[in-house]
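Me: Got a minute to go through this one with me? I'd like to start with the strands and then move around.

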Amino acid sequence: MILVLDADNRYFNFAAINESNGNIVKKVSVSSSADRSVDEYVFLVNAMMGGALADLKGAVVSSVNPRENHTIKKIMTSLTGITPSFVGQGMKTGLNLKVDHHEQLGSDIVCCAVGAFARARRESADRGSSLPVIVVDIKYATTVSAVSSLGELCGVAIIPGVSLSVDALSRYSGSLPDISLKAPKLILGRNTYDSMNCGAVLSHAYAVDGFIENISANYFEGEKPVVFVTGESASLVAPLLRGNVKTVSNLCFEGLAKIYDLNK
């Protein structure tokens, strides 16, 4: 068993994974806060994980906020008794990262790309090589990544996430309220709440559709990519996308497990 952690800007997402078959035994999320001590995190995760933390043999972390890495290392070491590895430069990923500055590439982007490429290879095993992949990770910020059939990470687009967009409207427009997002029933709203909801959710879906269409036309030399959608808002946006997309909630965890396996 291994413990993996996907630490984004708002949550610490933990998963205990059976190393032999890749199955997730248990996963929990804890909101991150500067007011929480290491002991509090450890207590919360232990309580929620129950017996899933028994017999751990490894630990690996994806963290997008280097300032929290010291705290994260203490949390993971306390939970597992093992010094965790952090996804970053020098680690094998199985991908050729065709970017200008590797140190600027978010480890969550790498993990999702690794997880998606591994899935695409399994699903296209009968053709002898992987299909190209597009990965859409919809969180507070949304990333759209492309991986060629040769395992080359071609590049990334970063756009404001659907939640960030509506939060910015509420914060910087004096008369607009805070709202909770839901799947819109119509293209246009007839009240402020529905109008904001339609605008935030549908504009995001239209933007993602545009990226998928243009990446497919410009990067893969006619090959049709497999499109994976993941992230906390994936279930809100994915049903609104054109074409065939696969929603995979655990893509980052799958990538972390794959990277752990490549580097053990």
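Me: In what sense do S7 and S10 pair, parallel or antiparallel?
Reply: Parallel, over 5 bridges. Keep in mind that this is a predicted model.

Me: Which residue in S10 does Val 133 stand opposite?
Reply: Val 226.

Me: What is the strand order in that sheet?
Reply: S6-S9-S8-S7-S10-S11. The sheet is open, its 6 strands are paired in a mixed way.

Me: And which strands stand at the edges?
Reply: S6 (96-97) and S11 (245-247). Each has a single partner strand, so one side of each has no neighbour in the sheet.

Me: Switching to helices. What span should H5 have, and how far apart are its end C-alpha atoms?
Reply: H5 covers residues 192-219, which is 28 residues. At 1.5 Å a residue the helix should span 40 Å. Its end C-alpha atoms are 40 Å apart, so the two agree.

Me: Which residues of H5 are buried?
Reply: Met 196, Asn 197, Cys 198, Ala 200, Val 201, Leu 202, His 204, Ala 205, Val 208, Asp 209, Ile 212 and Ile 215.

Me: What do they pack against?
Reply: Strands S7 (133-138), S8 (141-147), S9 (152-160) and S10 (226-230), plus helices H4 (162-172) and H6 (234-237). S7, S8, S9 and S10 belong to the open sheet we just went through.

Me: What happens at the start of H5?
Reply: A side-chain oxygen of Asn 191 reaches to within 3.2 Å of the backbone nitrogen of Tyr 193.

Me: And what follows the helix?
Reply: Glu 221 follows H5, and its phi is positive, near 50°.

Me: New topic, charges. How many salt bridges are there?
Reply: The structure holds 11. One of them joins the side chains of Lys 139 and Asp 108, at 3.4 Å from N to O.

Me: Where do Lys 139 and Asp 108 lie?
Reply: Lys 139 is in the loop between S7 and S8, and Asp 108 is in helix H3 (residues 107-123). The pair therefore ties together parts that are 31 residues apart in sequence.

Me: Is that pair buried or exposed?
Reply: Buried. Lys 139 has 11% relative accessibility, and Asp 108 has 9%.

Me: What about Glu 40, which residue does its side chain meet in a salt bridge?
Reply: Arg 36, at 3.3 Å from N to O. Glu 40 is partly exposed, with a relative accessible area of 34%. Arg 36 also counts as partly exposed, at 25%.

Me: Which residues are linked in a network of salt bridges?
Reply: Glu 19, Asp 261 and Lys 264. Within that network, the side chains of Lys 264 and Asp 261 meet at 3.1 Å, N to O. Lys 264 is exposed, with a relative accessible area of 62%. Asp 261 is partly exposed, at 38%.

Me: Zooming out, how many helices and strands does the chain have?
Reply: The protein chain has 7 helices and 11 strands. Its radius of gyration is 19 Å, close to the 18 Å that the globule rule gives for 264 residues, so the chain is as compact as a globular protein of that length.

Me: What does the C-alpha trace span?
Reply: About 55 × 50 × 35 Å along the principal axes.

Me: Last one. What share of the residues is buried?
Reply: 46% of the 264 residues. As for contacts between residues at least 6 apart in sequence, 55% join residues at least 24 apart.

Definitions and conventions. Residues are numbered from 1 along each chain as its sequence is written. This is a predicted model: local features need pLDDT of at least 70, side-chain atom pairs count only at pLDDT 80 or more; totals for chains, interfaces and linings use all residues. Side-chain values use heavy atoms; hydrogens and water are left out. Helices (H or I, at least four residues) and strands (E, at least two) are DSSP runs, numbered from the N terminus. The expected span of a helix is 1.5 Å times one less than its number of residues. Buried means under 20% relative accessible area, exposed over 50%, partly exposed in between (1.4 Å probe, protein chains only). Contact means heavy atoms within 4.5 Å. A polar contact is a pair of N or O atoms within 3.5 Å; within protein, one must be able to donate a hydrogen and the other to accept it, and residues adjacent in sequence count only if both atoms are side-chain atoms. Two strands pair if DSSP finds at least two bridges between them. A salt bridge is a side-chain nitrogen of Lys or Arg within 4 Å of a carboxyl oxygen of Asp or Glu. The radius of gyration is taken over C-alpha atoms; the globule rule is 2.2 Å times the number of residues to the power 0.38.
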